[in-house]
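Reader: I'd like a close look at one part: the salt bridges, plus whatever sits around them. Keep it informal, and give me the cut-offs as you go.

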Amino acid sequence: RRLKFDEAVQETIHPTRPFVGSLFQKIIIVCAISSIMTGFVILGGISFLEKVPNKFECKSDSLHVIHLRNENMMHESASMAELEPIKSSGDWKQCSQQYICKNNLNLYKDLFRYDQTDPEYIDNWIQKFDLLCKPTEYIGLIGSCYMVGMFIGFFILPPYSDSYGRRPIFILTMILSTVAQGVILFTSSIHKLFLFMIILGTTFSGKNIVGLNFAIECTPEYYQQLVVSLYWTVELFSIIMWSFYYQKLDKNWFPLQAVYFVGGIITLIVAVFFLPESPKYLYTKQKFEEARQALSYIASFNGLRDHKKYVFDNELTEGASASQLTETASQ
């Protein structure tokens, strides 16, 4: 039998099993979209992560306490071991961000606090990285670092995926993404945040171009438009979901990010142990036998144990002899 590539992909779908008959395609589509969302949860949710709280409370005697503490620290006869912290006895009162930063209250966590009763309050990177009184350029630089990484990644990952294959580049992408997200989750260093935002941004093209193409190349032609539509639908729905999460479910940024971090780890494991190389990539590289093996694996994954042998329609024109094709088709 001589088949076009799209016909060979179609034959990997089990005709009598509506769900498991295309299980592999469903898994790789989920993996591709999951990988994209691991980065988009930060890029698309950056406005939530960088939102400066609106309301604050300060101790009424905070300036007096700071003055006493400074005097105590400057006392030449007192050793550090003998110094007792001077505690505030004042009441909490409303204050502004300008007041806190002007008087350096941000250096004394016991003298000011964020008003968590504010409906718009989010426990985010402002608190985690102590950005309240940092120059506004610091906050803007976070998103800029991601964009720098995106620019770098476009010149590396897609071209390399055309040379070395979709699978290894997708796995490399998920390794870099998982490491970057893990560091961002647990570090409190603003400089590490800058560095790993660049690394995370570098993976953007590996997910949105390489990963999405990887999924599309393993699915029949009539599925491919559905994959792209599903990708855009999930992105748009995610923005709505994140708004609902912060408004109704939790004011803390960490749980949501941790869920996507775990999703990235699962995607990486699936890619390493269950995904073959893209058969379309192998086909375009004229590695026809390897392409057949990849398609055979997909068919077996979908429950087709007796996958009929075939040759591709252009193998003869690419230099294979008629006798070789007959031998391949009869095996």
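**Salt bridges and their surroundings**

Author: The count comes to 9 salt bridges, where a salt bridge is a side-chain nitrogen of Lys or Arg within 4 Å of a carboxyl oxygen of Asp or Glu. Keep in mind that this is a predicted model: local features need pLDDT of at least 70, side-chain atom pairs count only at pLDDT 80 or more, and totals for chains, interfaces and linings use all residues. Residues are numbered from 1 along each chain as its sequence is written, and side-chain values use heavy atoms, with hydrogens and water left out.

Here's the basic idea: side chains of opposite charge can pair when their charged atoms come close. Take Glu120 and Lys51, whose closest N and O atoms are 3.7 Å apart in their salt bridge. Glu120 lies in the loop between strand 4 and helix 6 (125-128), and Lys51 in the loop between helix 3 (46-49) and strand 2, so this pair ties together parts that are 69 residues apart in sequence. (Helices, H or I with at least four residues, and strands, E with at least two, are DSSP runs numbered from the N terminus.) Glu120 is partly exposed at 47% relative accessible area, and Lys51 is partly exposed at 24%. For those words, buried means under 20% relative accessible area, exposed means over 50%, and partly exposed is in between, using a 1.4 Å probe and protein chains only.

Next up is Lys109 with Asp130, a salt bridge whose closest N and O atoms are 3.2 Å apart. This pair links distant parts of the chain, 21 residues apart: Lys109 sits in the loop between helix 5 and strand 4, and Asp130 in the loop between helix 6 and helix 7. Lys109 is exposed, with a relative accessible area of 52%, whereas Asp130 is partly exposed at 26%. Asp130 has another distant stretch of chain to keep track of: Ile190 is 60 residues away in sequence, with 8.5 Å from C-alpha to C-alpha. Ile190 belongs to helix 10 (residues 190-202) and counts as buried at 9% relative accessibility.

A local example is Glu289 with Arg292, whose side chains meet in a salt bridge at 3.1 Å, N to O. These two are 3 residues apart in helix 15, which means that about one helical turn separates Glu289 and Arg292. Glu289 is partly exposed at 40%, while Arg292 is buried at 10%. Elsewhere, Asp162, Arg166 and Glu217 are joined into one network by salt bridges that share partners.

Now for the strands beside those loops. Strands 3, 2 and 4 make an open sheet in the order 3-2-4, with antiparallel pairing; two strands pair if DSSP finds at least two bridges between them. Strand 3 (92-95) and strand 4 (112-114) are the edges, each with a single partner strand, so one side of each has no neighbour in the sheet. From one strand to the next the twist averages 35°. (Axes here are lines fitted to C-alpha atoms, for helices over the stretch in contact, and angles run from 0 to 180 degrees between N-to-C directions.)

Strand 2 (residues 56-59) pairs with strand 4 over 3 bridges, with Cys58 opposite Phe112. Its pairing with strand 3 runs over 4 bridges, and there Lys59 stands opposite Trp92. Strand 2 has both faces covered: Phe56 and Cys58 on one side, and Glu57 and Lys59 on the other, are all buried.

One last oddity is in the loop between helix 5 (97-102) and strand 4, where you'll find Asn104. Most residues other than glycine have a negative phi. Asn104, though not a glycine, has a positive phi of about 60°, and at 41% relative accessibility Asn104 is partly exposed. Gln286 is another non-glycine residue with a positive phi, near 65°. Gln286 sits in the loop between helix 14 (279-284) and helix 15 (288-301), the helix that holds Glu289 and Arg292. Gln286 is partly exposed at 45%.
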